[in-house]
Structure formats: structure tokens, C-alpha cells
Amino acid sequence: MCYFVIFAIQLAIEMKSKTLCFLISMIVTSGYCQDSLMRILNEKFPALELKQDLAFIRNKAQFKKYNHDGLLLAGKVNFNRLYDSIESVIDEKGAMSRLDFFYLTAPLVRMLKDDGSLYNLRGNYSYGNQGKKKVIFAEKSVIPLLLQIFNDTVYVTGDSTALYQSRLISINGIPAKKIVSEIFRLTSFTGDRYYRKYGYGYLPLYHYPELCFSLFGFHDKVEIEYMPPDTKTTIFKELQLTAIGDSLFKAIEEKPAERLRYRLFFRANDAVLRIIPMRNDVINVDEMNGLFKTLSESPPETLIIDLSYCYYSSDIFWLVMLNYLFEGELWLYGYHKEPVDLAKYSREKMKKSQMVKGKFSRIDRGNSYNGKIYLITGPYTASAAVRFADIMRYNHIATGFFGRETMIMNPSYDFPTLHYLPVTGLVLYLSYTFFDALDSNRNMSGFMPDVIIQPDNITEARENRSDQVVIEKVLEFIHKE
């Protein structure tokens, strides 16, 4: 509670003023005296305590909950060299602020090349004593913008803002590209790698108010320099910011309504099966039977499986689907020492999984698809969907692969788990399972399609909802070939 309120309460008690007490209580409950974000970020810790947090990062990366060496992609020598140099800086300083410690250690987290990693200033101090309700800080630093970066140019996306489809040039005179680059660099190895390679990405600025405040001093209001769509005119606009945790911030963060997990549609003799993110969904075998029955009733010459937006799915889902596309032995995952019998392996996994409704014996192989299969991947093909694409290529089940490189690497660390550093409370997500590529490559890239097919300009990128532009280009390419 701030000193003003404490003083005012004492004064009200002395004056025996019920009205003043009531007004003060309303001020307190409405969050008038929120804590200062800058005070928290600038809080200093002695070197001995900071080295505990540093050791925590190393231990979680190297030993905890990994089924493989957490330093495999970073390289132990390089990692330890950077670790030692960070430790030396901490010793030399004697004490450091929470903010300076974050800046100092962010390169160490990024070096792990963990696709699920996320390092941020949104620490456990942002959620109050119960760990649930977000603290409303005094500083208003939430910028309610979702950004799309295409060909190294920043655009505003999201239908909820009047700036929709505008090109964002700067905020308070700081180039938009610099803002994007700095946030990616400090928080996400995956986003940073892909942005630097392709000048592409999505960035919800409202997820990083602490960084926007500490890096660029954005608070209360900012001046946006932008160019409306289809014009060459530059406009300056004042944008009011909001506080972390208030009602507007919560509205911005609301998740969209759930949609169907997949969509099947036909184009003449072609069928397109588009898979969307599936969060903890139960796989219904009868539902899968119905899907492939629809395919078998009017068998298409080609089946295009679009994974371009499947950023979350389960390996058991793809395992069940594989039984409608393939029969016999195949290589499944990098940790297998030899091919496995798909039916036998699936039966055992389905028995143990709580995410499958229906036994293996319910799979109707009479409706299996036997024609040509093509896959579409994109930046947001991730997790188990990348492993499915790898299986389809390595075992020659699919005829061709189109689209764009996946943002998630192949090989990759997956299944991130949440940690808070014990001293500073900084948030750290690290993955605990390593999935090797079936060809055991270490090329530090995502899954690469055979043929790059993508939107050629920002207009096509905007029209590419549900990947429709790319799907039509793939169909055109296949029939030309």
C-alpha cells in the first residue's frame, strides 16, 4: 500500500470521518496505488543469490526432465564458456538488478536452441500472493497491437483495431523493425531464428509490456507512425496504453472460440484435409472412421494434408491417422533403433493413452486412403505435426511436400515446462524431451518442403486465411507437373 493511503487513513481515523474512510477504501480496492513495475525490475540482488538463479538455468537445461542432453544443440563447450563469463560479470558487479540480470542471461537461454523455451520479465511477482490474479502495475505499458512481419516489414493485424492492415513504421520514433527484433532476441529462440532468416513472424506486443516499458520507455501513451493500407501517406496517431492486468488487457488476451479440429473439402479430383491446433482433445476413432469413409465414397486422385496452422497436436493423433494411410513396418521416431510394426505399436499406445476414445480394433482399414498424398507445411507447423511430416517423408508415404520451412526445428526439444527462477522470480519455459530427426541431421533448420510455395506479397498474405492462397497454388503446381 502506498504511503499516501497510509497517511490518509491515519488522518481519517484522527478526524473520525466515515466519509473519508469510505472514499479511501474505494481508492485502495480500485487499485489506485498499484505497485511500481520499475521498482520491481530495478530491485537489486547480491551476486551470491544471482548465481543461484544462474545455476538453476543450467541445471534445468542440462539435467532436469530431459530424456537427452539439454546442451546437445548448444554445445557444452560454448555453453559453459558463456556461463562462466556471465558468472564473472555477476561477481564483478557484486550486485545486479532483476532487469540487468535478465538482459545478461537471455543469450544463455537462447543458446540452448530450445524450440519451447520462453524467457521473459513476466515473473511470479506479476500474479499476486495466490499466483492467479494478475497484479495491476502503476505504469500503463500494454500496447494493444498484434503485429505481422512479412518480408521484413511490420504490419498491424487483428480486426479489433482501426490500424488493421496498416504498415507500422515506428513507435515514439523507434523503428518498428528494431522493436520487433529486440523482443524476439530477448525472449524466443524460435521466433528470433525465423525472423532473422526470413523477415517473417507474428508478435503480440500486448504479451510484452514489461519489455516495451524497460527497453523503449513506452508508458501511458505512445505516438504511432503508420501507413494505411494501399496508400503512400504517413500518419501519426496517439495511442493510449493500458495497465497490465486491467480489464482491457484481459480482453486482449482472451482466446478465440474453439473450432473443428479438421476440415475436409474437395476440388474436382483432389481432396484437402486441413488440420488445426488440437489442445488436449480426445481422438475419437469413430469420428476418424467417418472422415476416411467420406474420402472413400468418392476417392480423390490426390489427398493434400495441410499442416500449415497445426501448431499444437498430439503424437497419438497422428499415430491413429497413419493407420488409414499406411500398413506394415516403418520408422517412427529418432529414438527407435529399428522400424516398428505400425499396427502392433499403435495397439499398445492406444491401450495406454487417455486421449483416445475407441480401441485399435475399431479402426476401419476398409476405408484407408491409397492414392497420392501431399503435405503442406508452414511457419506454424509445430510439435507433433513436424514429427508426422518427418515420418511421411522418411518412409516415402507422401509423394511431395509444399509450403514453407517450419519455425520449429527438426530435430527439436518439445513439451516445455514452466519454471520461475528461485531468487529473481523471472519466468522460464524449458522443454524436457528431445526428438531427433529421423535422418539424425543437426542442420538447425525446420522441416523443409520440397517446393517453396508461399504468399508472394502482403496482399496475398492477408488473403491467405485458412491457407487458401497456398492451397490453391499447390493444386495448380501439382496439376502442372
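Helix α7 crosses helix α8 in a left-handed sense. The model is a predicted one. The points below cover this helix pair, a second pair formed by α12 and α13, and the enclosed cavities.

**Helices α7 and α8**

- Helix α7 spans residues 176-187 and helix α8 spans residues 189-198.
- The axes of α7 and α8 come within 6 Å of each other, and they cross at roughly 135°.
- Angles over 115 and up to 145 degrees fall in the oblique range, and α7 and α8 are therefore oblique to each other.
- On the α7 side, the contact is made by Lys177, Val180, Ser181, Phe184, Arg185 and Thr187.
- On the α8 side, the contact is made by Phe189, Gly191, Asp192, Tyr195 and Arg196.
- Sorted by class, this contact of α7 with α8 holds four nonpolar, three polar and four charged residues.

**Helices α12 and α13**

- Helix α12 (residues 315-322) packs on helix α13 (residues 342-352) at an angle of about 140°, and their axes are 10 Å apart.
- That angle makes α12 oblique to α13.
- The crossing of α12 with α13 is left-handed.
- Helix α12 contributes Ile316, Leu319, Val320 and Leu322 to the contact, while α13 contributes Leu342, Tyr345, Ser346, Lys349 and Met350.
- By class, the contact of α12 with α13 has seven nonpolar residues, one polar residue and one charged residue.

**Largest cavity**

- The model has three cavities of 30 Å³ or more.
- The largest cavity holds about 90 Å³ of space.
- Its lining is made of 13 residues, and those nearest the centre of the largest cavity are Arg261, Met278, Val282, Ile283 and Phe317.
- Strand β15 (283-284) and helix α11 (285-297) each supply at least two residues of this lining.
- Seven nonpolar, three polar and three charged residues make up the lining of the largest cavity.

**Second largest cavity**

- The second largest cavity has a volume of about 60 Å³.
- The residues lining the second largest cavity are Leu332, Tyr333, Gly334, Arg387, Asp390, Ile391, Asn410, Phe435, Asp436 and Leu438.
- Helix α14 (residues 384-394) gives the most to this lining, with three residues.
- In terms of class, the lining of the second largest cavity has five nonpolar, two polar and three charged residues.

Methods. Residues numbered from 1 in each chain as written. Predicted model: local features only at pLDDT ≥ 70, side-chain atom pairs only at ≥ 80, totals over all residues. Heavy atoms only, no water. Axes fitted to C-alpha atoms, helices over the stretch in contact; angles between N-to-C directions. Helix = DSSP H or I, 4+ residues; strand = E, 2+ residues; numbered from the N terminus. Parallel < 35°, antiparallel > 145°, perpendicular 65-115°, else oblique. Left-handed = near helix turned anticlockwise from the far one by under 90°. Contact = heavy atoms within 4.5 Å. Nonpolar A, V, L, I, M, F, W, Y, C, P; charged D, E, K, R; others polar. 1 Å grid on protein atoms, 1.4 Å probe; cavity = no way out; pocket = protein on both sides within 12 Å on 5 of 7 lines; lining within 4 Å. Points joined across faces, edges and corners; volume = space filled by probe spheres on them.
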